[in-house]
Structures are given as structure tokens and as C-alpha cells.
Amino acid sequence: MTKRLFGLSLLLCSALPVLAQIEVNTGNVTVRVLYKGQQMPYGCRLYFSSQTHGFGCGASYTGVTTGSFTLTESHGYPFPPINFTINAGQTTIVDVETSSVVGVVSGLVQVNGQIPNPGVAILSTNEDGNASTDGTGRFNLLALAGPGTGSVIGSYSTLATFPFNAVAGQTVDVGTISASTGNVTVRVLYKGQQMPYGCRLYFSSQTHGFGCGTSYSNVNTGSFTLTESHGYPFPPVNFTINAGQTTIVDVETSGVVGVVTGLVRVNGQIPNPPVAIISSREDGQASTDPTGRFYLVALAGPGTGFVTSNYSTLATFAFNAVAGQTRDLGTIGSTTLNGVIVAKSGSLPTKQWSIRIQNTGINTAANTQLDNFTLVQTFGSGAGPACNAPSVTSTFPIAAGLLAPGTNVTVPVSINFGNCAPNARFTATLTYSANGGSATGTKSLSNQQP
Amino acid sequence: MKKLILSLFLLLPTLPAASLTLIPSGGAISGTPGSTIGWGYSLDNDAPAYLVITSVLESGFDPLLGTFQDFVVNVNITIVGPNSIQTQNFDQGLQQGFGQFVINPGALIGAATGSTFLVNYDLLINDPNGPLGSNPGDQYGLEFTFDGTVTVNADSGVPEPSAIILTSLGLLCAAWRVRRTRASS
């Protein structure tokens, strides 16, 4: 053990001199892009790079490996390469004087005949300079010598363009640049009212996207066309934005969109807090009110809705929206059963009636059963005390098993009609359930003869 | 062989040929908030049996807009004889027709709602009002399904007949008084 420790110590001692020689020499570098000796007084978009770094309009790097480098203009503009050296522990400043290549374009911007608020952006089509207007509407744009095009940029789009011919080292005034803007509001309506329920429809014009009721101000004037972005069957709407005015574009949806309503119960209770309802198509969304009811706008036609809470889906339901109408889906998420008498056999006084129970919902009905069956006489000789109440001799509940959506099962019910006449008429009431009682149903069938 | 197939085809039971259509055709009705409107019906029974309606279910009407009540089961007994057509227009007072829809007073103008009706009926060989009762050839649990829609309109402002009569009487009285005054002066 002692020998091993001694050997390790020797190894470390022999390696120390080598470790000491691994020394990285670094320095710092700053590139300053100047116009007539001053750091670019206006916005600058020129871009230079050396072998190791890219330099925008004045960028600094520390901890750069020492050595000799060459700075070049990255877009190929006519700047001669500049050689520079970074020395260990020192800061190298590299000045790029641009006045022999760059000039200043000056001008005045007016929007709708007025001086705009400061800050309207001015860009050159070449990636050379950018500027913004001051309190008097004036701008000074640095630009590479030669012809170019400037753009006045509003909040969302180009308001005006202007040509210029920049002269290296000089300021050229292009005069007044006039732009006109207006405002636009797109209102998504259902039967003339702003979408009363959540809406996820999305429209766009050539310049802007419009959700369900969006406004933009200081938009360039002109003629535009509004279209539905998802390809839903909304006809295009043409509109015009005039200088200094607000254009309201109404999109009436009731020819394309309907409303589906329903009740939501979570564990048999009104959901609290409310739960969200969304359509699988990007058309509508809603949430439940204090009674658990929701109203969901949806494109006409079949669709699927989701009841969601905390990003999880509680229930799924199918719907078929009808344009311009509201359709009630009943209670969402519950299994829907329907019963009916489909056959009668036997001879009086004992008869056997066949009851068909159908799962008309979209969820499976487990442990379906006929819970009860009653008859109330409504017509016929022997009615009243002369016709003893028919005796339903079957024992309830009568199991009907598992019912997948759209399937049915028929169960028999035995009845002793006693002394009731053949033409006596009854109202039969069927009561059925499934899923441990969470899904129930009742059906009354009138004019039933034995 | 062909004869055998033809004979078998002829022996197949024919489907009950019956149809129920709402009046107005298409089932679209409209009314003002607070009003009661409804549908008539035409029941065409081409079957050689008595058609008896046993239940009506609606699913789809927006409860905010109003409530539906059927007349063909809950109010009346609807039986149509073999190969017969029964037509009944909506009459709220007599409670005739297919059913009524009471529009809630607070329903929004322009709102619309629709429903799919499920009507169950039986086809009975013997007259339900006769002495014989059910027959092995009876068919039970048959159904019609169709749509009805309700639209809430603004009050059109058209005066009712009673208002027209009262106004006319008033004008006649006024004219008579003017004439008397002139004659006496």
C-alpha cells in the first residue's frame, strides 16, 4: 500500500510542470463603427466579422484568444478589410470609419398631414441603417452611398416608401414623405351581435390577422380582402381603410355557424369551478355557467366536443351543429337509453310483452336493466273497479347486460291482465338504467292494448 | 328456380308504409317572444292497419328559448285508419295539431333553435276502438324522426283583426258626430 502511494506521488510530481505549461492567453476586443469619427450617431445595421466573432455596430468581447485577425464586412459592402491583433491581458479597439462609404439621408415624415408621434421607424432596403422620427417628424438615416429605397414603418406595416441617392460623407435631404393611415376593427358576429360565446375563428387580410374581434390602429390605407384563415366556408369580405378613419368590418357567421348547448355534470354534480368546453375544430369554446349549462358556437355539421378541466378531458361528446340554430344536446357525458315495446305474445289474461332497450348515446351502458314497468288503464270496457289492475308478474330489475353505443337488447315482461277486456287501453311506463344508476331513463307509451 | 325466388320475394313481409310530415312543410315556424306557436301535421298511413301514435320525444330545443308540448299523445289520442290520411292544422285553443312551442318572453329576437322529434307508433290489425284488441300481426315500436325549428321574430306591428274592427268603429263614430254637429249648426 505504501509503495502504491509513493508511486502515485511521483506521478503527480512529474506531471505538475506539464500542467503549468497549459496556459491560455486571452485579451479583449471592441469594434467601433464610426461615422466621421463618432460612433454611429443614428441607427446602424452594418455587420462586421473576424475569424472568431461577429461584430454589430459596436460590439465587445472579453476573453478572446490572442492572435492576429482580419475584420471584414459581412454583406460584401465596400469596406476594406482591417487587420488587428489581440494581446494577452489587453483590450484592442478596432475603429471602422464609414464616412467614405456611407452617407446620411434626411427627411420629414407626415402621417395624414400631421407630424406623427416620435418613434416612427425608417428602414433602408439595404441592410445598412435604420432610424426613427424625432419630435418634429424628422429622421436621419445612415445609408450606403448610392441609390436605395427607404421605408416608413408603422405599427404593423409599411406606410410609405421613398427613393434616395446617398452620397458618402454627406447628408442628403429627401424632403417630406407623406403617409396615410386609418384604423380597422373586425367584428365577428352571430346574428348581428358580437360573438356571445367563446369564438376561435380566425380571419386575416393581406396585412393583419384578426381573431374574434380585433382592432388595429395606424394601419396603411388601401383596399383589402378579409378571408377565413382555416379555409372554413366564409365568403371573402372586401374593405377599405381611409386616412384618419376607423373602418369596421362585420363578419356575420350565422350562415355558417350554429350553437350547441348542453348540461355538464361531474360526478353527478354541477361542476364548480366551471369546466371548459371546446370543439375539436378550431371554431368555438365555452365554459359552464352556474347551472352547468354551456353554449358552444360551432361550424355547421358534425363535430366532437370535449369537456376539459385542468388540461385533462373529462368527457367527449358528438354534436351536429345547424347553421343559425341552437341545439340542446341534453346532459353531456351521460349514457342515453331509450326503451320501447316491440312485441306482444300470449293469450289473455296472461301476456308477455317484449321491451327493447337501446343505447342511443356515445358511451357504453354497463349493467343495463329494466328497473320497473307499470300500466295505467286509460280506455276500454272493464275500466275502473270492473277491471282489476293488471299484475306485472316479472321480478324487477330485469338484467339487460352490456350495451355498446348504438346497440339494443330485448327483455320480456310477463303481465296478467285479469278480467281486462281485449280492447282496454293502457299507458305503459318503462323505467331503465345502466352504469350503476348513473344513467337512467323513463318512457311512457300510450294506447297500449293487452 | 326463378319462380321459387320470385315466390319467396313476394312472401317477404312489406315494410309499414307510413309517413308523418309537419305543417308547415319543413317544420320551420316563428313567433314573437311570449307567444305560442305550433305545428300541424299530415299523417299518411298507407298500411292496411290502424296507426296509433304512442309517444313523442323531442331532443334539441334550447330551453332558454321555450318549451315544447305535444298534442298527438299527451292531449289527444291519435289513431289513423288503414290506408288513410289524417291532416290537422295547429290550433292552440283546440289543442289540435302536432304540438305547440311556448316562446319564453325573454327570448332574444333572431334566436333560433331546432329539435329532432322521435315519434313512436304501432300498426294494429284490429280497430283499437273495436272489441277485438291486439292481433299477432300487429307491429310495435315503429318510429318516425324529423326536424322542427323555431325562430324568434320581432313583433311585426301588424294590427290584429279585433284592433282593426275597434279602430274602424271609432272612426265611424267620429265621422257620425262631426256630421251631426254640422247638421245641427
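**Exercise 1.** Find how strands β4 and β7 of chain A pair, and place them in their sheet.

*Solution.* Start with the pair itself: β4 (residues 48-49) and β7 (residues 67-73) of chain A run antiparallel and share two bridges. Here strands are DSSP runs of E, at least two residues long, numbered from the N terminus, and two strands pair if DSSP finds at least two bridges between them. Next, look across the pair: Phe48(A) lies opposite Glu73(A) of β7(A). Then widen the view to the open, antiparallel sheet of four strands, β5-β4-β7-β8 (chain A). Finally, check its edges: β5 (54-55) and β8 (82-86) of chain A each have a single partner strand, so one side of each lacks a neighbour in the sheet.

This is a predicted model, in which local features need pLDDT of at least 70 and side-chain atom pairs pLDDT 80 or more, while totals for chains, interfaces and linings use all residues. Residues are numbered from 1 along each chain as its sequence is written, and chains are lettered from A and ligands numbered from 1 in the order in which they are written.

**Exercise 2.** Now trace the open sheet of five strands in chain A and find its edges.

*Solution.* The order is β3-β12-β11-β14-β15 (chain A), with antiparallel pairing. At the edges stand β3 (43-44) and β15 (158-166) of chain A, each pairing on one side only. Step inward from β15(A): eight bridges join it in the antiparallel sense to β14 (residues 146-153) of chain A. Within this pair, Ser151(A) faces Thr161(A) of β15(A).
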